[in-house]
Amino acid sequence: MAQVRYPLPTKLSAGAVCYWCPECPAVTASPTCNHPQQQRYQAPRQQIVIFCGCGRTTTPPYCDGRSHQQLA
Ligand SMILES: [Zn+2]
(Lines give C-alpha, C1' and ligand atoms only; values in the text may rest on other atoms or scores of the structure.)
Protein backbone atom coordinates (compact mmCIF):
# COMPACT_ATOMS: atom_id res chain seq x y z
CA MET A 1 0.00 0.00 0.00
CA ALA A 2 1.28 3.43 -0.87
CA GLN A 3 2.44 5.50 2.05
CA VAL A 4 0.06 8.29 2.88
CA ARG A 5 1.75 11.46 4.10
CA TYR A 6 -1.18 13.50 5.22
CA PRO A 7 -4.02 13.28 7.76
CA LEU A 8 -7.22 11.46 6.93
CA PRO A 9 -10.23 13.50 8.07
CA THR A 10 -13.08 11.03 8.45
CA LYS A 11 -16.69 11.93 9.08
CA LEU A 12 -18.37 9.55 11.49
CA SER A 13 -21.93 9.35 12.71
CA ALA A 14 -22.66 8.76 16.39
CA GLY A 15 -21.73 5.22 17.40
CA ALA A 16 -19.96 4.45 14.13
CA VAL A 17 -17.07 2.03 14.46
CA CYS A 18 -13.98 2.09 12.32
CA TYR A 19 -10.46 0.70 12.44
CA TRP A 20 -7.12 2.36 12.03
CA CYS A 21 -3.72 0.72 11.62
CA PRO A 22 -0.33 2.44 11.76
CA GLU A 23 1.31 -0.28 9.68
CA CYS A 24 -0.98 -0.01 6.69
CA PRO A 25 -2.36 3.50 7.25
CA ALA A 26 -5.99 3.56 6.34
CA VAL A 27 -9.32 3.96 8.02
CA THR A 28 -11.82 1.24 7.30
CA ALA A 29 -15.24 0.20 8.51
CA SER A 30 -14.08 -3.31 9.35
CA PRO A 31 -10.85 -4.94 10.56
CA THR A 32 -8.83 -5.71 7.47
CA CYS A 33 -5.43 -6.63 8.86
CA ASN A 34 -3.92 -8.69 11.63
CA HIS A 35 -1.47 -6.16 12.98
CA PRO A 36 -1.66 -5.99 16.78
CA GLN A 37 -1.30 -2.21 16.58
CA GLN A 38 -4.61 -1.93 14.81
CA GLN A 39 -6.99 0.22 16.79
CA ARG A 40 -10.74 0.16 17.00
CA TYR A 41 -12.38 3.53 17.22
CA GLN A 42 -16.00 4.23 18.05
CA ALA A 43 -17.32 7.73 17.65
CA PRO A 44 -19.13 8.92 20.78
CA ARG A 45 -21.04 11.42 18.70
CA GLN A 46 -21.22 12.66 15.15
CA GLN A 47 -17.84 14.13 14.44
CA ILE A 48 -15.00 14.48 12.02
CA VAL A 49 -11.93 12.67 13.29
CA ILE A 50 -8.51 13.58 11.95
CA PHE A 51 -6.89 10.17 11.75
CA CYS A 52 -3.16 9.87 11.18
CA GLY A 53 -2.39 8.91 7.60
CA CYS A 54 1.35 8.35 7.91
CA GLY A 55 1.47 5.92 10.83
CA ARG A 56 4.11 7.97 12.65
CA THR A 57 1.82 9.96 14.89
CA THR A 58 2.65 10.27 18.57
CA THR A 59 -1.04 10.40 19.44
CA PRO A 60 -2.59 7.41 17.66
CA PRO A 61 -5.00 7.06 16.07
CA TYR A 62 -5.12 10.83 15.67
CA CYS A 63 -2.84 12.90 13.50
CA ASP A 64 -0.53 14.90 15.75
CA GLY A 65 -0.17 17.56 13.08
CA ARG A 66 3.55 17.24 12.62
CA SER A 67 4.92 13.70 12.31
CA HIS A 68 3.94 13.45 8.67
CA GLN A 69 5.88 16.61 7.95
CA GLN A 70 9.08 14.85 8.97
CA LEU A 71 8.77 12.19 6.28
CA ALA A 72 11.18 12.57 3.42
ZN1 LIG B 1 -2.19 -3.34 9.50
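1. The protein has five strands and zero helices. From the N terminus on, its elements therefore read simply β-β-β-β-β. The model is a predicted one, and the points below should be read with that in mind.

2. Overall dimensions. The radius of gyration is 12 Å, which agrees with the value near 11 Å that a compact globule of 72 residues would have. Along the principal axes, the C-alpha atoms fill a box of roughly 35 × 25 × 20 Å.

3. Burial and contacts. Of the 72 residues, 18% count as buried. Among contacts between residues at least 6 apart in sequence, 45% join residues at least 24 apart.

4. The sheet. Three strands form an open sheet in the order 3-2-4, and the pairing is antiparallel. Strand 3 and strand 4 are the edge strands, each pairing on one side only. Strand 2 has pairings with both of them: with strand 4 and with strand 3.

5. Strand 2 with strand 4. Strand 4 covers residues 39-42, and its antiparallel pairing with strand 2 extends over four bridges. Within this pairing, Gln39 of strand 4 is the residue opposite Trp20.

6. Strand 2 with strand 3. Strand 3 consists of residues 27-28 and is joined to strand 2 by two bridges, again in the antiparallel sense. Six residues lie between the two strands, which form a hairpin. On this side, Val27 is the bridge partner of Trp20. Trp20 thus has a named partner in each neighbouring strand: Val27 in strand 3 and Gln39 in strand 4.

7. The faces of strand 2. Which side chains of residues 17-20 point to the buried face, and which to the other? Cys18 and Trp20 point to one face and are buried. Val17 and Tyr19 point to the other face and are not buried. The side chains alternate along the strand in this way.

8. Gly53. This residue is found in the segment after strand 5, which spans 47-51. Why does Gly53 count as buried? It has 20 other C-beta atoms within 10 Å, and the cut-off is 20 or more, so Gly53 meets the criterion. Its C-alpha atom is separated by 12 Å from that of Tyr19, a residue 34 positions away along the chain. Tyr19 belongs to strand 2 and, unlike Gly53, is not buried.

Terms used:
Residues are numbered from 1 along each chain as its sequence is written. This is a predicted model: local features need pLDDT of at least 70, side-chain atom pairs count only at pLDDT 80 or more; totals for chains, interfaces and linings use all residues. A residue is buried if 20 or more other C-beta atoms lie within 10 Å of its own, exposed if 12 or fewer, and partly exposed in between; C-beta atoms are placed from the backbone. Two strands pair if DSSP finds at least two bridges between them. The radius of gyration is taken over C-alpha atoms; the globule rule is 2.2 Å times the number of residues to the power 0.38. Two residues are in contact if their C-beta atoms, placed from the backbone, lie within 7 Å.
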